[in-house]
Amino acid sequence: MKRKFLEDMGLTKEQVDSIMAENGNDIEAAKGDLEQVKTELEQTKTQLQEANTTIDGFKDYDQVKKQVEKYKTKYEQSKAEYETKIADMQFGTSLEAAITAAGGRNAKAVKALLDVEALKVSKDQTADIKAAIEACQKDNSYLFGANEPINNPVGPTNGPAIGITKEQFKTMGYKERLELKQSNPEKYAEMKGDN
């Protein structure tokens, strides 16, 4: 994710910094998981090499054959386990990214409401994840960012003087008019001219 992309969306520097920091944390966590899986895979490869060396040391064909089958089975099991772990990690990352993109406030809470196992075996995971999140968003909107105007202001309000009518100005006391003049001289002049 690039900073310019977020800035072009109209986000403030603080919002961009916050998003980039969170994205960096997610990337570092994923790198850590990937490094752990790589280490475990290297260990499995080392075990396989040791097994091959042991096999070479045997002279009896039947015994070697049994050992080969044993090590082959262990290798295939280890390989399947690590492939499953990698697939789970990739799925988890894409699910969290989709929740974040939908404005999810707490990814763990949103995941708890989704049928994660059904999404894992889905043929079109991206579309199914999006549909599941949208359904969750309809039923549990409190878990997602709001689209209310109070959370998305479109412009400055210039204080409370904006909504003053001529009738309200006429009923204002000296102190209130003085505060209006100090806080919004243009509005004060506009109201005073009509008086």
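The largest nonpolar core of this predicted model comprises 11 residues, namely Phe91, Leu95, Ile99, Val110, Leu114, Leu119, Ile129, Ile133, Cys136, Leu143 and Phe144. Two elements, helix 3 and helix 6, each contribute two or more residues to this core. Leu95, one of the core residues, touches Lys111, Leu114, Val116, Ile129 and Ile133 when residues up to four places away in sequence are disregarded. Among these partners of Leu95, Leu114, Ile129 and Ile133 are likewise members of the core. A second core, separate from the largest one, consists of six residues, including Phe169, Met172, Tyr188 and Met191. In soluble globular proteins, nonpolar side chains tend to be buried together.

The packing of helix 3 against helix 6 was examined further. Helix 3 spans residues 61-101 and helix 6 spans residues 125-139. The axes of the two helices come within 10 Å and cross at roughly 45 degrees. An angle of this size falls outside the ranges for roughly parallel, roughly perpendicular and roughly antiparallel pairs, and helix 3 and helix 6 are therefore oblique to each other. The crossing of helix 3 and helix 6 is right-handed. On the side of helix 3, the contact is formed by Phe91, Ser94, Leu95, Ala98 and Ile99, and on the side of helix 6 by Gln125, Ile129 and Ile133. Classified by residue type, the contact between helix 3 and helix 6 contains six nonpolar and two polar residues, with no charged residues. Phe91, Leu95, Ile99, Ile129 and Ile133 take part in this helix contact and also belong to the largest nonpolar core.

Within the second core, attention was given to Tyr188, which lies in helix 9 (residues 185-193). Tyr188 has a relative accessibility of 15% and therefore counts as buried, the cut-off being under 20%. With residues up to four places away in sequence left out, Tyr188 touches Phe169, Arg177, Leu180 and Lys181. Phe169, itself a member of the second core, is 19 residues from Tyr188 in sequence, and the C-alpha atoms of the two residues are 8.8 Å apart.

These local features are set in a protein with nine helices and zero strands. From the N terminus on, the order of elements is α-α-α-α-α-α-α-α-α. Of the 195 residues of the protein, 18% count as buried. Among contacts with a sequence separation of 6 or more, 47% involve residues 24 or more positions apart.

Key
Residues are numbered from 1 along each chain as its sequence is written. This is a predicted model: local features need pLDDT of at least 70, side-chain atom pairs count only at pLDDT 80 or more; totals for chains, interfaces and linings use all residues. Side-chain values use heavy atoms; hydrogens and water are left out. Axes are lines fitted to C-alpha atoms, for helices over the stretch in contact, and angles run from 0 to 180 degrees between N-to-C directions. Helices (H or I, at least four residues) and strands (E, at least two) are DSSP runs, numbered from the N terminus. Angles under 35 degrees count as roughly parallel, over 145 as roughly antiparallel, 65 to 115 as roughly perpendicular and the rest as oblique. A crossing is left-handed if the near helix is turned anticlockwise from the far one by less than a right angle, and right-handed if clockwise. Contact means heavy atoms within 4.5 Å. Ala, Val, Leu, Ile, Met, Phe, Trp, Tyr, Cys and Pro count as nonpolar, Asp, Glu, Lys and Arg as charged, and the others, Gly among them, as polar. A nonpolar core is a set of buried Ala, Val, Leu, Ile, Met, Phe, Trp, Tyr and Cys residues joined through side-chain atoms within 4.5 Å. Buried means under 20% relative accessible area, exposed over 50%, partly exposed in between (1.4 Å probe, protein chains only).
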